[in-house]
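Student: I would like to go through this model slowly, asking for each term why it applies here. Could we begin once the structure is in view?

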Amino acid sequence: MNGRIFQIQRFSIQDGPGIRTTVFLKGCPLHCLWCHNPESVSPAPHTFFSPAQCIGCGYCVENCPEQAHKTVNGVHILDRTLCKECGKCAQGCYSGALEVVGREASVEEVIAEVLKDLPFYKTSGGGMTLSGGEPLAQYEFSLELLTAARKHDLNTCLETSGFAPFERLAALVNLVDFFYFDCKETDPARHLEYTGAPLALIMENLTRLDALGATLVLRCPIIPGLNARDEHFQAIAKLANRLQHVKEVQILPYHPLGRSKLERLGKKDLNPDWSFPEKAEVERWIAEVARTCRVPVLQG
Amino acid sequence: MNFHDSLYTDYAPRLAAWRQECAQRQRPKQFAAQIITSIARSLRASESLPIQLRRGLCTRDVLRFLEFELNDSALLMGVPAWPSLHTESPEFQAASAYLGSIPPAPGQTGHCELDLSRLHELGIDGLRQDLLRRQANANKEQKDVYQSFLYVLEGFSALCAKAAATALAAIPAASESRRAELKAIYESCQRLAHQPPVTFRDALQLCWFGILGTMTENVGLVVPGRLDIRLISFYQRDIAAGHIIPSQALMLLENLYLIINEVIPEGLAVSVMVGGRDAQGRDATNELSYLCVEAVRRTKLVYPTVGVCWHEETPEALTNLTVELIGKGYSTPAFFGDETIQRGLKHYGVPPAESCDYINSTCVEITPCGSSNVWVASPYFSTCHFLVEEIRAQAETPPATFEGFLKAYQYRLAEKIREGVTEENRRRVLRQLNGRKPFQSLFTKDCLERGRDIDDGGARYNWVECSFVGLANLADSLYVIQEEVYHQHTMSMPELLALLDSNFEGHEPERLRLLKKHPKYGINTEAVDHFVRDTVAFVTKECAQYKMLPDDSHFIPGAFCWIMHELLGRESGATPDGRKAGFPFADGAGPAQGREINGPTAAILSTTSWDASSFIGGVAFNMKFNSSLFTSPETFQRLRDLIVTYLRRGGFETQVNVVDHAMLLKAKENPDAYRDLVVRIGGYTDYFTRLSPEMQTEVMLRTEYQAV
């Protein structure tokens with residue numbers, strides 16, 4: 001079967017044990033204000049446009065069926081209101097200015113790519129990580145990928161927001177070695193406001209997944225001004241303590257690098273003032289969670 | 001490793017100050033210029049004698065002529081005190097003119113580890129007796145050779161004695177604590193002037209005097225080599241007898257490293273190799289292996305490089321110590337694949353008992369220890385330059401098929417190899433006729449047994465190792481020609497030539513098409529990788545049919561580059577892979593700059609998709625990373641996993657750069673060479689060069705910040 005992916009990243013070393021290949025699936029039901037992979041939200045392909053890379057060869061202007069590309073006073077303009085994201089412009093663009101993000105790929109094709117690095121997984125105890133977007137939004141595709149990875153004895157990780165029918169998570173328990181489960185916000189009203197999704201289902205899924213014995217890593221993006229609150233930190237620790245199978249809590253400090261991708265997507269940056277938190281600040285967050293948490297708290 | 005004993009901690013500040021001086025000092029560009037007058041004087045005085053005796057006398061005279069200077073921190077004697085001599089002085093001018101009139105003895109020198117085992121066993125006096133015995137039963141020619149060796153020993157003994165005298169003379173003016181150190185130097189050098197080395201210090205001192213001695217014969221790049229194996233018995237004896245503790249051995253090793261930096265001219269490489277296996281195939285790692293690496297960590301200067309000779313039984317601790325250094329930004333430690341290299345050496349006829357005993361003779365060119373007259377990097381072949389020549393030659397009437405074109409190119413390459421062999425053999429003839437190196441000969445197997453000088457074919461191994469530069473660019477270019485000219489017919493051969501001749505001026509879209517549309521070596525695609533494999537097989541076969549003078553030795557290929565990928569790249573026009581004129585070629589066996597777009601695992605798979613064992617001339621694979629990738633002990637372990645997987649797959653050699661700010665700065669200025677540089681911060685991964693300038697600045701601030 002086919003799924004929608006936007007990247008296969010080899011030598012991924014921060015998404016689970018060993019050297020891994022991370023498959024990024026496209027499409028996510030959440031709309032987090034701080035999303036650093038904004039191209040992953042919609043299931044459909046996007047055209048990335050980086051005008052600084054354009055060398056003015058004119059290929060896109062000639063080949064766009066919608067006349068969305070124009071050259072005005074020597075400057076390359078992409079009119080996003082006309083663009084139908086067909087990707088024809090990018091086919092002959094070798095400058096890196098235009099690039100289609102997102103494509104259909106079969107399970108076989110993805111697994112073949114993942115298996116290329118088998119020698120490295122063997123040395124390092126690594127394997128495949130599914131990330132996104134939200135892999136559970138393409139549940140059947142994820143299921144088949146994980147089943148195939150298991151067949152080849154790969155270590156498997158799943159990064160998830162946990163926002164999906166529980167049956168999907170339950171069906172994957174025996175196929176996934178580590179669930180990297182997001183804990184974006186512990187206050188229900190704020191969770192809804194920041195991510196567009198209700199917290200209750202996620203919490204229920206997390207509790208039930210834990211009860212099934214799944215090994216969990218809680219991943220907590222921390223955004224100054226939104227969830228960098230002591231009561232949130234304490235709630236994270238409390239949650240990790242309450243569950244039986246959390247092996248680690250990871251604090252992911254906000255960074256504004258997704259801004260580059262927003263520019264390429266032609267989308268407005270709604271939070272232009274947000275920036276990197278200070279190192280001391282991050283250390284304070286970690287200490288605050290670690291103070292009452294019985295599992296290791298690390299920067300992710 | 002921690003060395004907290006007072007011996008080391010008391011000495012450390014003095015070492016640090018010396019190191020600081022050493023790092024700032026301008027090193028000599030040329031060693032020989034300083035001793036030219038002394039060489040000329042000696043040779044003038046011996047014009048009536050046969051060349052073997054003249055050279056023996058000359059080496060003796062120069063060894064006698066050497067003086068030493070000793071700073072207040074040195075524990076070993078080693079830095080020559082050069083008499084100040086202006087190159088404009090009439091004396092020097094006359095000496096150069098005289099030496100210029102002597103018939104030339106061209107070709108590569110050095111690139112070897114000496115065999116000091118006879119001195120270890122017999123000492124200078126004992127070896128003299130041995131030589132006299134041999135001389136008594138020798139023919140006329142051999143008698144001269146042994147006589148030249150006797151002259152060498154006379155000079156070598158004088159050099160040791162002078163070193164001893166220098167230390168002795170410094171004692172009266174020295175402080176109480178320094179006196180004991182000077183006394184130790186004195187006693188050691190005095191002993192070496194006649195007797196075998198007894199202590200670890202003696203053996204280390206002798207190692208350096210050996211290197212210095214060959215330099216007087218204008219032989220560059222004789223290296224310490226396998227220090228751990230050579231010196232372990234001395235070390236263990238000293239430890240057992242309570243003469244030394246590990247930190248003292250470390251101090252002495254650091255002394256050797258600093259002296260090397262003081263004396264060896266800049267722009268070269270000096271190798272120490274550790275680990276590996278013994279003749280029975282057992283792991284040879286010992287305590288000194290760790291100390292040799294540790295000393296590099298502490299001196300952190302350009303010399304020496306330390307190569308870990310890795311195999312499956314190499315202790316994790318040695319692997320991890322070296323990876324740790326690499327991760328901390330040391331670029332000098334390298335890993336060598338023992339399995340692959342030994343397989344290659346056996347392929348060229350080295351018996352199994354000796355195939356374990358090799359060194360990277362400076363960078364990655366492999367030579368057997370103690371028995372080598374192997375000329376490395378002789379010559380360099382610019383594979384892509386020949387390709388462009390072939391395109392030019394074929395432009396008017398190109399072959400009908402790509403296979404036809406490839407055959408024509410290979411024919412040209414084979415011709416260049418033949419010319420290379422002819423030239424090196426021409427040099428070998430001149431060398432045999434006009435050159436003699438009795439000092440180096442005396443410490444190179446089997447010159448002594450044969451009674452022949454190294455320049456006269458006395459050494460056990462007389463291979464010539466050549467080097468093929470730009471293999472990745474060649475593979476990438478061949479693929480482009482195959483696709484554009486022959487399969488897709490998007491370009492004719494004359495059009496391609498015109499494009500190359502224009503250096504893509506006004507044709508940037510075409511250049512980017514050639515560069516980006518087609519897969520490249522380094523992304524792990526068989527369609528391109530096979531061109532490197534085929535070329536390697538082809539040149540291995542071609543080289544194998546030649547015999548090198550004087551003893552029908554092998555002509556052995558390699559892909560070693562030193563700085564030649566840059567030099568040859570600078571001289572070469574544009575190439576079909578989208579490389580502009582003057583841009584460096586790919587370094588060693590790795591992908592061309594900026595083309596590892598599938599990351600390091602793919603690059604390793606490409607690089608190990610062909611058997612490197614026949615390329616004993618050296619194969620290097622450099623990896624570079626931004627430190628943002630390695631943020632925790634676990635992620636550092638991944639670097640180890642990468643390296644180990646590379647070696648397990650038959651990798652020949654690898655070294656890694658983990659750089660922070662400086663690399664990003666370069667990438668910002670020269671994005672074309674850094675297209676594959678991945679930065680990763682908090683789950684976000686992107687190519688650095690694709691970030692907007694503002695974001696690049698932000699990432700740079702960030703990585704700098706993280707490094708603090």
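Student: Which residue does F621(B) stand opposite in β13(B)?

Tutor: F621(B) stands opposite T654(B) in that strand. Before we go on, please keep in mind that this is a predicted model, in which local features need pLDDT of at least 70 and side-chain atom pairs count only at pLDDT 80 or more, while totals for chains, interfaces and linings use all residues. Residues are numbered from 1 along each chain as its sequence is written, and chains are lettered from A and ligands numbered from 1 in the order in which they are written.

Student: What makes β12(B) and β13(B) a pair?

Tutor: Two strands pair if DSSP finds at least two bridges between them, where strands are DSSP runs of E with at least two residues and helices are runs of H or I with at least four, numbered from the N terminus. β12(B) and β13 (residues 653-659) of chain B are joined over six bridges, in the parallel sense, so the definition is met.

Student: Why are β3 (271-275) and β12 (621-626) of chain B said to stand at the edges?

Tutor: Each of these two strands has a single partner strand, so one side of each is left without a neighbour in the sheet. The open sheet has five strands in the order β3-β4-β5-β13-β12 of chain B, with mixed pairing. The partner of β3(B) is β4 (residues 305-310) of chain B, in the parallel sense over five bridges, and within that pairing M273(B) has G307(B) as its bridge partner.

Student: What makes β3(B) mostly covered?

Tutor: A residue is buried if 20 or more other C-beta atoms, placed from the backbone, lie within 10 Å of its own, exposed if 12 or fewer do, and partly exposed in between. In β3(B), five of its five residues are buried, and in chain B as a whole buried residues make up 56% of the 708 residues.

Student: How do you know that the radius of gyration of chain B agrees with a compact globule?

Tutor: The radius is taken over C-alpha atoms, and the globule rule is 2.2 Å times the number of residues to the power 0.38. For 708 residues a compact globule would have a radius near 27 Å, and chain B has 27 Å, so the two agree. The secondary structure of this chain comes to 26 helices and 15 strands.

Student: Which residues have the most contacts inside the largest nonpolar core?

Tutor: Among them are L218(A), L76(B) and A475(B), in a core of 293 residues. Such a core is a set of buried Ala, Val, Leu, Ile, Met, Phe, Trp, Tyr and Cys residues joined through C-beta atoms within 7 Å. Leaving aside neighbours within four places in sequence, A475(B) is in contact (C-beta atoms, placed from the backbone, within 7 Å) with Y521(B), V528(B), F531(B) and V532(B).

Student: Where does chain A have edge strands?

Tutor: They are β7 (103-106) and β13 (297-299) of chain A, each with a single partner strand, so one side of each is left without a neighbour in the sheet. The order of that nine-stranded open sheet is β7-β1-β2-β8-β9-β10-β11-β12-β13, with mixed pairing. Within it, β11 (residues 216-222) of chain A and β12(A) pair in the parallel sense over seven bridges, and I222(A) has P253(A) as its bridge partner.

Student: How many residues of each chain take part in the contact between the chains?

Tutor: The contact takes 32 residues from chain A and 34 residues from chain B.

Note on methods. Contact = placed C-beta atoms within 7 Å.
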